[in-house]
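Grab the model and a viewer, and let's work through some exercises together. Each one sets a task and then walks through a solution.

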Amino acid sequence: MAISKEKKVQMVADYMERLSNTEAVFVTGYRGLTVAGVSELRRQLREADAVFQVVKNTLFARAVDAAGVSLPADVLDGPIAVGYCRDEVPRVAKILTDFAKEAGALEVFGAVLGDQFLNEDGVKSLAALPPREVLLAQLLGAVQGPAGSLASVVTAPMRELVQVLSARSEQSQDAAA
C-alpha cells in the first residue's frame, strides 16, 4: 500500500523532531529479528530512556540530510531501525551491541552523534566506556587526590612547628622535674 504525500511529510517531520531531541541515533539492521526479539530490545532500551523504531529508509535519509548529517550510502541499504538515545549514550550502545551478540539477527551499522557519523567500531568503543556513575567517581577521585595533597602540603609547616613546640615543652618539663 502506497503512503500518501502528507503522511510522508509527517513521517520526515517526526524523524527530524526525534533527531533534534536526542543525544545519539543508532542505525541498525534488523533483518531476521523476531517480534519477540524486537519487543525485548525495546523493553531494554526503554529502561535506558531510549526508543527503537523501524524507519522508512528514504524518508529517514531526507530527515538526516535536513539535520546536516551525511550517512554512508550502504548504511541505508535493506530494512533499518534506529535507536534514539535521549541520555546515556554509552549505556544504549552497550545494550545494542550486547543484544546484537546474543540475538545474532541485529546488526549495528553506526551512530549519529551530534553531527558526526560513527561507524560500527565507534559504537563498540562507546559501548566499552564505563557507566556514568563510574566516570563521575573517577572524576571525583582525580579532583580530590591533588586537592588532598595540596592541603597536606599547605598544613605541613604548621604541623611541624606544633610538633617542635610540643617536644620543646616536654623537654622543659623533664628538665624541671
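**Exercise 1. Find Thr97, decide whether it is buried or exposed, and list its contacts beyond its sequence neighbours.**

Start with the location: Thr97 sits in helix α4. Keep in mind that this is a predicted model.

Next, the accessibility. Thr97 has a relative accessible area of 10%, and the cut-off for buried is under 20%, so Thr97 counts as buried.

Last, the contacts. Once you set aside neighbours within four places in sequence, Thr97 touches Val123, Lys124 and Ala127.

**Exercise 2. Work out how α4 and α5 are arranged and which residues join them.**

Step one is the geometry. Helix α4 covers residues 89-103 and helix α5 covers residues 120-128; their axes come within 7 Å and cross at roughly 115°.

Step two is to put a word on that angle. Angles of 65 to 115 degrees count as roughly perpendicular, so α4 and α5 are roughly perpendicular to each other. As for handedness, this crossing is left-handed.

Step three is the contact. From α4 come Val89, Pro90, Ala93, Lys94 and Thr97, and they meet Val123, Lys124, Leu126 and Ala127 of α5. Sorted by class, the contact of α4 with α5 has six nonpolar, one polar and two charged residues.

**Exercise 3. Sort out the two sides of α5: which residues are buried, which are exposed on the other side, and what do the buried ones pack against?**

First, pick out the buried residues of α5: Gly122, Val123, Leu126 and Ala127. They span an arc of only 145° around the axis, so they lie on the same side of α5.

Now turn the helix around. Asp121 and Ala128 are exposed on the other side of α5.

Finally, check the partners. The buried residues of α5 pack against β1 (24-29), α4, β4 (107-113) and β5 (116-119).

**Exercise 4. Describe how α2 and α4 pass each other and what makes up their contact.**

Begin with the axes: those of α2 and α4 come within 10 Å and cross at roughly 160°. An angle over 145 counts as roughly antiparallel, which makes α2 roughly antiparallel to α4. The crossing of α2 past α4 is right-handed.

Then list the residues. On the α2 side you have Gly37, Glu40, Leu41, Gln44, Leu45 and Glu47, and on the α4 side Arg91, Val92, Ile95, Leu96 and Phe99. By class, the α2 and α4 contact splits into six nonpolar, two polar and three charged residues.

**Exercise 5. Do the same for α1 and α3, then follow the chain out of α3.**

The geometry again: helix α1 (residues 5-20) and helix α3 (residues 57-66) have axes that come within 9 Å and cross at roughly 50°. That angle is why α1 and α3 count as oblique to each other. The crossing is right-handed.

For the contact, Lys8, Met11, Val12, Tyr15, Met16 and Leu19 of α1 meet Leu59, Phe60, Arg62, Ala63, Val64 and Ala66 of α3. The class tally is ten nonpolar, no polar and two charged.

Now look at what α3 buries: Asn57, Leu59, Phe60, Ala61, Ala63 and Val64. These buried residues pack against α1, β1, β2 (50-55) and β3 (80-85).

Ala66, also in α3, is a handy contrast: its relative accessibility of 52% counts as exposed. After α3 you run into Gly68, which has a positive phi near 90°.

**Exercise 6. Locate Asp49 and say what stands out about its phi.**

Asp49 is in the loop between α2 (35-47) and β2. Its phi is near 60°, a positive value in a residue other than glycine. Most residues other than glycine have a negative phi. With a relative accessible area of 35%, Asp49 is partly exposed.

**Exercise 7. Place Val112 and list what it touches.**

Val112 belongs to strand β4, and its 6% relative accessibility counts as buried. Leaving out residues up to four places away in sequence, Val112 touches Glu23, Ala24, Val25, Val69, Leu71 and Phe117.

To finish, take a distance: the C-alpha atoms of Val112 and Tyr84 are separated by 9.6 Å, with their positions 28 residues apart along the chain.

Terms used. Residues numbered from 1 in each chain as written. Predicted model: local features only at pLDDT ≥ 70, side-chain atom pairs only at ≥ 80, totals over all residues. Heavy atoms only, no water. Axes fitted to C-alpha atoms, helices over the stretch in contact; angles between N-to-C directions. Helix = DSSP H or I, 4+ residues; strand = E, 2+ residues; numbered from the N terminus. Parallel < 35°, antiparallel > 145°, perpendicular 65-115°, else oblique. Left-handed = near helix turned anticlockwise from the far one by under 90°. Contact = heavy atoms within 4.5 Å. Nonpolar A, V, L, I, M, F, W, Y, C, P; charged D, E, K, R; others polar. Buried < 20%, exposed > 50% of the residue type's maximum accessible area, 1.4 Å probe, protein only. Arc of directions from axis to C-beta.
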